[in-house]
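Work through the following exercises with the sequence and the model side by side. Each one sets a task and then solves it step by step.

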Amino acid sequence: MARHQAIRNLDYEAELEDEYGPFSDEEEELSPEDQVRMTEGTAQVLEALGVEAHKVTKEQIEDSLYYYFFDVDKTITYLISKYIDPPKKPAKAAPPKVAPKQDAAIASASRESFAHLFRDLPWGNIPPERQAVLIPPPQLPGGLLGGSGVPPKMSKLQQLAAARKKKAEEQKNASEDVEQTQVKMTELTVNDNQASKENRPLAGLFSKRVKTSETTAQGRIPLTMAEPTRPEVPQAQAPEATPSLPEEEAQIEPEPVVAPPKAEPSAFASTLFGPLSDSLNRKPREVFTLPYMAISSYSPDAFGKPSPDDVVLAAQAKAGKKSANAQQNKKGSSSADGVTNQVNQLKIDDTPLPKSRNLNVLSEFEKTKGKKTASFVVVGHVDAGKSTMMGRLLLDLNVVDQRTVDKLRKEAEKIGKTSFALAWVLDQRHEERSRGVTIDIATNRFETDTTSFTILDAPGHRDFIPNMIAGASQADFAILVIDASTGAFESGLKGQTREHSLLIRSMGVSRIIVAVNKLDTVNWSQERFDEIKHQVAGFLTATGFQSKNIAFVPVSGLHGDNLVRKTTDPAASWYTGNTLVEELEASEPSARALAKPLRMTISEVMRTPQSPISITGRIDAGSLQMGDALLVQPSGEKAYVKSLQVDDGEPADWAVAGQNVILHLSNIDAIHVRVGDIVCDPAKPIQCVDTFTLKALAFDILMPMQVDVHRGRLHAAGKIEAIDAILDKVTGKVIKKKPMIVKPGTVSRVRVTLHSKVPLEAGQRVVLRSGGQTVAAGLLE
């Protein structure tokens with residue numbers, strides 16, 4: 001057995017138990033010798049303590065003996081100091097009491113010393129007349145430097161809003177005036193008593209007589225406002241009327257202001273402000289001008305006039321006015337009406353949203369009698385001839401004409417890669433052609449008499465496994481291409497052939513066709529074919545494929561043997577089975593989840609003439625029709641189906657699960673749509689989670705570690721937080737709870753935490769990768 005196989009099958013837990021012994025959370029028990037020493041030590045301690053032994057418990061004695069390693073003397077000392085006779089804490093000394101007179105003297109001395117210490121400082125004991133009062137300078141007229149001081153120009157919408165607001169306020173004020181007038185009219189009366197009341201002098205501050213016209217009694221409205229109404233007081237409790245005072249007596253003379261005592265100025269203050277005699281005669285200043293205002297050349301109106309630039313701009317604006325505005329001004333129309341007309345001329349995209357036709361898509365799908373649709377992914381080791389074989393298949397089916405192939409062959413000859421002409425039918429990117437490898441999923445379509453197929457040509461290089469996972473997630477079955485040339489099969493079996501087989505089975509693909517390619521290089525050797533068939537069949541069966549769902553076809557992708565037509569080479573006469581196309585037609589696509597809510601993974605986002613935002617992908621579940629509202633997760637933005645195209649690129653009114661569609665969306669921004677997002681039904685959306693439980697099959701050793709989670713085009717960084725249990729492959733029962741690690745080939749239940757929320761739900765299949773290797777794959781629970 002190879003060394004790395006021995007390491008993979010190593011039982012780490014058993015090795016740890018052999019090295020360090022079994023792990024246990026229980027407390028250690030005393031040995032028989034320690035128990036004897038514990039009993040003897042307890043008896044000695046009790047005998048030494050004598051009458052004080054009742055102050056301690058047996059557990060405290062045993063704990064002390066165990067702590068001091070059965071030293072009786074130390075144990076007795078500890079017990080006495082801790083429990084029997086603990087040392088008393090010294091009482092805090094009370095502060096010495098001082099007589100009240102002494103406290104007052106000390107406080108007085110401290111205050112005098114404090115004032116005496118800071119008597120010469122300018123900021124201590126400043127007299128009020130020497131304290132300045134700073135007030136803000138008067139606001140200068142004008143706005144910014146160089147401006148005219150006029151308010152900023154408002155936009156048309158702002159002018160319209162201001163005009164409407166002003167009009168509403170005027171109407172409100174007018175209505176309030178009418179209400180006040182009505183209230184006053186109701187308060188009017190023709191009695192002479194009311195007139196006398198109105199002419200009655202007011203008391204207090206309102207002692208001046210209200211002069212009212214004598215015609216009030218005749219029913220006219222008084223020229224002044226009526227006295228505010230007061231609640232009536234019963235005469236029994238009415239207070240005595242306060243006699244009105246003359247106007248001269250009502251004025252109260254202000255009290256004289258007593259100047260506070262002034263302290264002796266310090267030497268520093270005398271130096272700055274002069275002697276005390278001058279400061280007493282000088283009137284204190286209350287306003288201090290700013291430095292720049294004291295300059296003789298300063299003028300507060302320097303920026304009150306418009307600048308030369310403002311004059312020029314105003315003249316240009318006046319000369320550029322439209323004649324229509326001038327005519328409206330002549331007619332006397334208000335500025336608000338002009339703004340309204342200009343706003344009405346604005347063009348706003350008020351195109352109504354597309355409306356759903358409310359078709360019964362399932363019944364429409366059952367009525368159609370078209371060809372069945374299926375998708376297959378082409379996988380295999382790098383340089384196995386996948387793209388060349390598919391290019392030859394399209395050429396033999398007349399999907400690509402010979403003229404196009406000849407043109408590609410001339411282009412390939414220029415860079416010295418003549419044999420890549422057929423591969424370039426699918427590999428159309430410049431980087432793929434220059435490097436000679438497939439990088440991303442290449443798609444194409446062809447039809448037979450019964451089925452319409454979609455090709456998903458996956459990259460074989462290990463650096464592009466995420467793209468291969470994206471292709472496998474859209475496929476109904478797979479074609480595994482194996483290079484039969486000498487040495488190539490063995491190296492591929494150790495490379496991506498094995499990993500691709502594990503991935504497509506983990507992604508739910510149950511039907512696989514093994515195309516043994518380049519068999520013409522070994523002269524169509526039947527022994528070579530049987531050897532490859534025997535090894536690959538055993539490996540695929542162990543991976544999880546059933547024998548009835550595995551088919552082997554010997555082909556030559558470069559010459560087209562056994563692709564569409566059977567080979568005519570006599571050396572291959574021993575093979576009498578089906579061709580590759582016949583095996584594809586015999587494969588049944590997987591069941592469609594038509595009745596489930598809509599789920600579609602976005603494979604590509606592009607811009608088309610039909611819509612600024614167009615997306616492509618395969619409908620995983622449910623159905624949709626033109627005009628439907630869609631929800632894009634994880635952004636949570638809603639969009640509408642403006643139009644759609646199905647597999648053949650023809651416009652359609654609806655599409656169902658299993659079809660590859662192009663959706664032209666509206667009412668959504670491009671920043672909310674990304675490759676890998678999920679399009680779902682707004683009524684039954686898919687949830688966005690950052691933690692999930694996975695029933696995973698381990699391809700490598702699993703433990704709590706950093707991983708990358710892949711689901712179709714979506715990939716997110718995460719971490720395996722914990723391994724809950726190891727499960728039985730057949731029954732799914734728990735074999736072991738919370739293991740430290742998981743060996744390859746073992747099924748386990750793991751908990752994964754993501755760095756950000758992604759759209760995931762139970763039943764979806766995901767792949768875990770770490771360090772460029774696929775470590776596990778499984779089903780969400």
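**Exercise 1. Establish how β17 and β18 are paired, and describe the turn between them.**

Step 1. Strand β17 (residues 706–711) and strand β18 (residues 714–727) run antiparallel and are joined by 6 bridges, where strands are DSSP runs of E of at least two residues, helices are runs of H or I of at least four residues, and both are numbered from the N terminus. Two strands are said to pair if DSSP finds at least two bridges between them.

Step 2. Before going further, note that this is a predicted model, in which local features need pLDDT of at least 70 and side-chain atom pairs count only at pLDDT 80 or more, while totals for chains, interfaces and linings use all residues. Residues are numbered from 1 along each chain as its sequence is written, and side-chain values use heavy atoms, with hydrogens and water left out.

Step 3. To fix the register, take Val707, which stands opposite Gly718 in β18. The two strands form a hairpin with 2 residues between them, and Gly712 in that turn has a positive phi of about 65°.

**Exercise 2. Find the other partners of β18.**

Step 1. Strand β20 (residues 747–759) is joined to β18 by 8 bridges in the antiparallel sense, and Lys719 stands opposite Thr753 of β20.

Step 2. Strand β19 (residues 734–737) also runs antiparallel to β18, with 3 bridges between them; here Ala725 has Lys737 as its bridge partner.

Step 3. The hairpin of β18 and β19 has 6 residues between the strands, and within this hairpin Gly732 takes a positive phi near 80°.

**Exercise 3. Lay out the open sheet of 6 strands and place α22 against it.**

Step 1. The strand order is β2-β3-β1-β4-β5-β6, and the pairing is mixed. At the edges are β2 (442–447) and β6 (550–554), each of which pairs on one side only.

Step 2. Strand β5 (residues 512–517) pairs with β6 in the parallel sense over 5 bridges, and the bridge partner of Ile513 in β6 is Ala551.

Step 3. Helix α22 lies across β4 (477–483), β5 and β6, and runs at about 155° to β6; axes are lines fitted to C-alpha atoms, for helices over the stretch in contact, and angles run from 0 to 180 degrees between N-to-C directions.

**Exercise 4. Describe how α21 packs on α22.**

Step 1. Two packed helices are described by the angle between their axes and the distance between the axes. For α21 (residues 496–506) and α22 (residues 526–543), the angle is about 35° and the axes are 10 Å apart.

Step 2. The contact (heavy atoms within 4.5 Å) is made by Thr497, Arg498, Ser501, Leu502 and Arg505 of α21, together with Phe539, Leu540 and Thr543 of α22.

**Exercise 5. Decide whether Asp457, Phe70 and Trp524 are buried or exposed.**

Step 1. Asp457 lies in strand β3 (residues 451–457) and counts as buried because its relative accessibility is 0%, buried meaning under 20% relative accessible area, exposed over 50%, and partly exposed in between (1.4 Å probe, protein chains only).

Step 2. Leaving out residues up to four places away in sequence, Asp457 touches nine listed neighbours, among them Lys386, Ser387, Asp427 and Asp440. Asp457 and Ser387 are 70 residues apart in sequence, yet 6.8 Å apart in space, C-alpha to C-alpha.

Step 3. Phe70, in the loop between α4 (58–67) and α5 (72–84), is buried with a relative accessible area of 16%, and has a positive phi of about 65° although it is not a glycine.

Step 4. Trp524, in the loop between β5 and α22, is buried with a relative accessible area of 2%, and its phi, near 50°, is likewise positive in a residue other than glycine.

**Exercise 6. Judge which stretches call for caution.**

Step 1. The chain averages a pLDDT of 76, and 69% of the residues score at least 70; pLDDT is the predictor's confidence in each residue, from 0 to 100.

Step 2. Over residues 98–111 the pLDDT is below 50, and this stretch has 1 contact in the model beyond near neighbours in sequence. Over residues 142–148 the pLDDT is also below 50, with 15 contacts in the model beyond near neighbours in sequence.

Step 3. Where pLDDT is low, the predicted coordinates should not be read in detail.
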